[in-house]
Amino acid sequence: MKITKIKLNNIGPYKGEENIFDLDVKKGKNIILIGGKNGAGKTTLLNSIKIGLFGTYAYGLKTNSNIYFNSIKKLFNYVESRKKISYYEIEIEFSLTENYIENIYSFSRNWKKIDDEINETLRVKRNNVYLPDEEIEQIQIPIITIDALKWGCNSNKVIIGAKKNICLIKPLL
């Protein structure tokens with residue numbers, strides 16, 4: 001699995017819809033560095049990957065619950081969250097090789113907040129075709145286990161370290 005693009009809409013310090021991070025690497029230029037001042041959104045970007053792909057599983061939960069939505073509210077852009085109706089989105093594009101065929105996936109996790117009620121939707125495209133819910137449940141994303149993935153933030157840089165432990169997790173609708 002290789003993440004190629006992340007789009008954030010009203011997530012943390014990323015207000016509006018023009019927050020697109022191109023993570024596609026080129027031959028000879030295959031390192032992505034994430035840097036910025038305190039509060040710039042480095043950790044928000046990394047947490048968005050986890051939440052965008054795994055929803056409630058990112059918090060160790062199996063279903064949407066008040067615990068999940070209260071955690072998600074903390075991720076929303078503060079200015080936008082004060083409005084009566086607001087929209088938020090995390091979109092992640094990645095390539096995944098399945099049976100020797102490279103497929104391009106796009107996970108778009110959206111939240112609509114009206115007053116204090118939040119509704120979440122997940123839309124998934126494979127090679128630019130939207131998948132029905134039954135197929136989404138069958139997607140198995142190879143990820144580095146939570147224990148093996150250590151994300152550390154230090155004032156102006158993010159360090160990602162990982163071991164070779166891999167597991168399969170299904171995204172939650």
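Is D115 buried, partly exposed or exposed? Keep that residue in mind, and we will select it on the way round.

**Before you start**

You are looking at a predicted model, in which local features need pLDDT of at least 70 and side-chain atom pairs count only at pLDDT 80 or more, while totals for chains, interfaces and linings use all residues. Residues are numbered from 1 along each chain as its sequence is written, and side-chain values use heavy atoms, with hydrogens and water left out.

**Stop 1: the sheet**

Switch to a cartoon view and find the strands. Helices (H or I, at least four residues) and strands (E, at least two) are DSSP runs, numbered from the N terminus. Two strands count as paired if DSSP finds at least two bridges between them. Six strands make up an open sheet with antiparallel pairing, and their order is β2-β1-β3-β4-β5-β6. At its edges sit β2 (19–22) and β6, each of which pairs on one side only. Strands of a sheet pair through backbone hydrogen bonds, either parallel or antiparallel.

**Stop 2: two hairpins**

Select residues 101–114 and 117–126. These are β4 and β5, an antiparallel pair joined over 10 bridges. Two pairs of partners to pick out here are W111 with E120 and K112 with N119. The two strands form a hairpin with two residues between them, and D115 in the turn has a positive phi of about 55 degrees.

Now add residues 129–130. This is β6, which pairs with β5 in the antiparallel sense over two bridges. K125 has Y130 as its bridge partner. Here too there is a hairpin with two residues between the strands, and N127 in its turn shows a positive phi of about 50 degrees.

**Stop 3: back to D115**

Show the side chains of D115 and K84. They form a salt bridge (a side-chain nitrogen of Lys or Arg within 4 Å of a carboxyl oxygen of Asp or Glu), with the closest N and O atoms 3.3 Å apart. This pair links distant parts of the chain: D115 is in the loop between β4 and β5, K84 is in the loop between α3 (78–81) and β3, and 31 residues separate them.

For the opening question, the scale is relative accessible area: buried means under 20%, exposed over 50%, and partly exposed in between (1.4 Å probe, protein chains only). D115 counts as partly exposed because its relative accessibility is 43%. Its partner K84, at 55%, counts as exposed.

**Stop 4: other salt bridges**

The whole structure holds six salt bridges. Select K7 and E89, whose closest N and O atoms are 3.8 Å apart. K7 belongs to strand β1 and E89 to strand β3, 82 residues apart. Both are buried.

Next, select E80 and K83, a salt bridge with its closest N and O atoms 3.2 Å apart. E80 is buried, with a relative accessible area of 9%, whereas K83 is partly exposed at 41%. Add K15 to the selection, and you have a network of salt bridges linking K15, E80 and K83.

**Stop 5: the helix across the sheet**

Select residues 42–54. This is helix α1, which lies across β1 (2–9), β2, β3 (85–98) and β4 and runs at about 80 degrees to β3. That angle is taken between N-to-C directions, from 0 to 180 degrees, with axes fitted to C-alpha atoms, for helices over the stretch in contact; contact means heavy atoms within 4.5 Å.

How much of α1 is covered? Mostly covered is the reply, with 10 of its 13 residues buried. Among them are L45, L46, I49, L53 and F54. Just after the helix, G55 takes a positive phi of about 50 degrees.

**Stop 6: aromatic rings**

Finish with the rings. Those of Phe, Tyr and Trp (its six-membered ring) pair if their centres lie within 6.5 Å; planes under 30 degrees apart count as stacked, over 60 as edge-to-face and the rest as tilted. By this rule there are seven aromatic pairs. Select F94 and F107: their ring centres are 5.4 Å apart and their planes meet at 50 degrees, so the pair is tilted. F94 lies in strand β3 and F107 in strand β4, so the pair ties together parts that are 13 residues apart in sequence. Both residues, F94 and F107, are buried.

For a last selection, choose Y59, Y68 and F69, which form one aromatic cluster.
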